[in-house]
Amino acid sequence: DRSNTFALFGEHLLVASQTRIDLIAEDGTTVYSRTVQMDTPAIEVGTACAVVYDVGGAALYRIDTRGRETDMTLEDGEALISVRVGVGDFITVTSTKSRYKASVSVYNAATECIYTLDSANRYVVDANILPGGRTLAALTLGQEDNVFASAYQFESKERGALSAYDL
């Protein structure tokens, strides 16, 4: 069934379906359980946290190995494209956003939004924080001179500059 997904998360099994999220310990006990409503559940696992989200929807839940949850559900009218958990458990959320082709928000381990990139010119299909936690890499799609183009873009919080590399 394509509506169910699972991943190893430390010594736990994280299971997500259209109606529920379960974190199961090695001995079979349930560490965390939540009833949800998702069309296309997906899981992304980091070192100290994992996220379960609804691709194309707004539901987004951060879970740690003890079963503590942070509800990071998006605002009305926004939809999730991709979510990544990077080095240091930075969470990078790529989504649709009104008046933009895409938006990327970066959250630290405390789930505080530390950076947002709103793209009006190109679609962002995926993004992640590079090791070191100071540079965002984003895969973008768009058109230039009536030709389809894709690129990796890097934005450094220190420099504030954007560099693009065509693929």
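**Exercise 1. Work out which residues Asp89 touches, not counting residues up to four places away in sequence.**

Step 1: set the cut-off. Contact here means heavy atoms within 4.5 Å.

Step 2: list the partners. Asp89 touches Gly46, Thr47, Ala48 and Cys49, and also Tyr107, Asn108 and Ala109.

Step 3: place the residue. Asp89 sits in the loop between strand S9 (80-85) and strand S10 (91-97). Strands (E, at least two residues) are DSSP runs, numbered from the N terminus.

A quick note on the ground rules: this is a predicted model, where local features need pLDDT of at least 70, side-chain atom pairs count only at pLDDT 80 or more, and totals for chains, interfaces and linings use all residues. Residues are numbered from 1 along each chain as its sequence is written, and side-chain values use heavy atoms, with hydrogens and water left out.

**Exercise 2. Find what the side chain of Asp89 reaches, and check its charge partners.**

Step 1: start with the backbone. The Asp89 side chain reaches the backbone nitrogen of Ala48 at 2.9 Å.

Step 2: look for opposite charge. Asp89 is buried but has no salt bridge; Arg62, the nearest side chain of opposite charge, is 5.5 Å away. Buried means under 20% relative accessible area, exposed over 50%, and partly exposed in between (1.4 Å probe, protein chains only). A salt bridge needs a side-chain nitrogen of Lys or Arg within 4 Å of a carboxyl oxygen of Asp or Glu.

**Exercise 3. Describe the surroundings of Ala48.**

Step 1: locate Ala48. You'll find Ala48 in the loop between strand S5 (41-45) and S6.

Step 2: check exposure. With a relative accessible area of 39%, Ala48 is partly exposed.

Step 3: collect contacts. Leaving out residues up to four places away in sequence, Ala48 touches Phe9, Ile63, Asp64, Thr65 and Asp89.

Step 4: try a distance. Ala48 and Gly10 are 38 residues apart in sequence, yet their C-alpha atoms are 8.2 Å apart in space.

**Exercise 4. Trace the salt bridges of Arg84.**

Step 1: get the total. The count for this model comes to 7 salt bridges.

Step 2: take Glu44. Glu44 pairs with Arg84, with the closest N and O atoms 3.1 Å apart. Glu44 lies in strand S5 and Arg84 in strand S9, so this pair ties together parts that are 40 residues apart in sequence.

Step 3: compare burial. Glu44 is buried at 16% relative accessible area, whereas Arg84 is partly exposed at 26%.

Step 4: add Asp126. Asp126 and Arg84 also meet in a salt bridge, at 2.9 Å from N to O. That pair links distant parts of the chain, with Asp126 in strand S13 (residues 123-129) and Arg84 in strand S9, 42 residues apart. Asp126 counts as partly exposed at 21%.

**Exercise 5. Identify the largest nonpolar core and the strands that feed it.**

Step 1: define the set. A nonpolar core is a set of buried Ala, Val, Leu, Ile, Met, Phe, Trp, Tyr and Cys residues joined through side-chain atoms within 4.5 Å.

Step 2: count. The largest core has 15 residues, and those with the most contacts inside it include Leu14, Ile21 and Val52.

Step 3: name the suppliers. Strands S1 (5-9), S2 (12-16), S3 (20-24), S6 (49-54) and S7 (60-64) each supply at least two residues of this core.

Step 4: look elsewhere. Another core, of 13 residues, lies apart from it, with Cys49, Leu60, Leu80 and Val83 among its members.

Methods. Helices (H or I, at least four residues) and strands (E, at least two) are DSSP runs, numbered from the N terminus. Lys and Arg count as positive and Asp and Glu as negative; His and the chain ends are not counted. A polar contact is a pair of N or O atoms within 3.5 Å; within protein, one must be able to donate a hydrogen and the other to accept it, and residues adjacent in sequence count only if both atoms are side-chain atoms.
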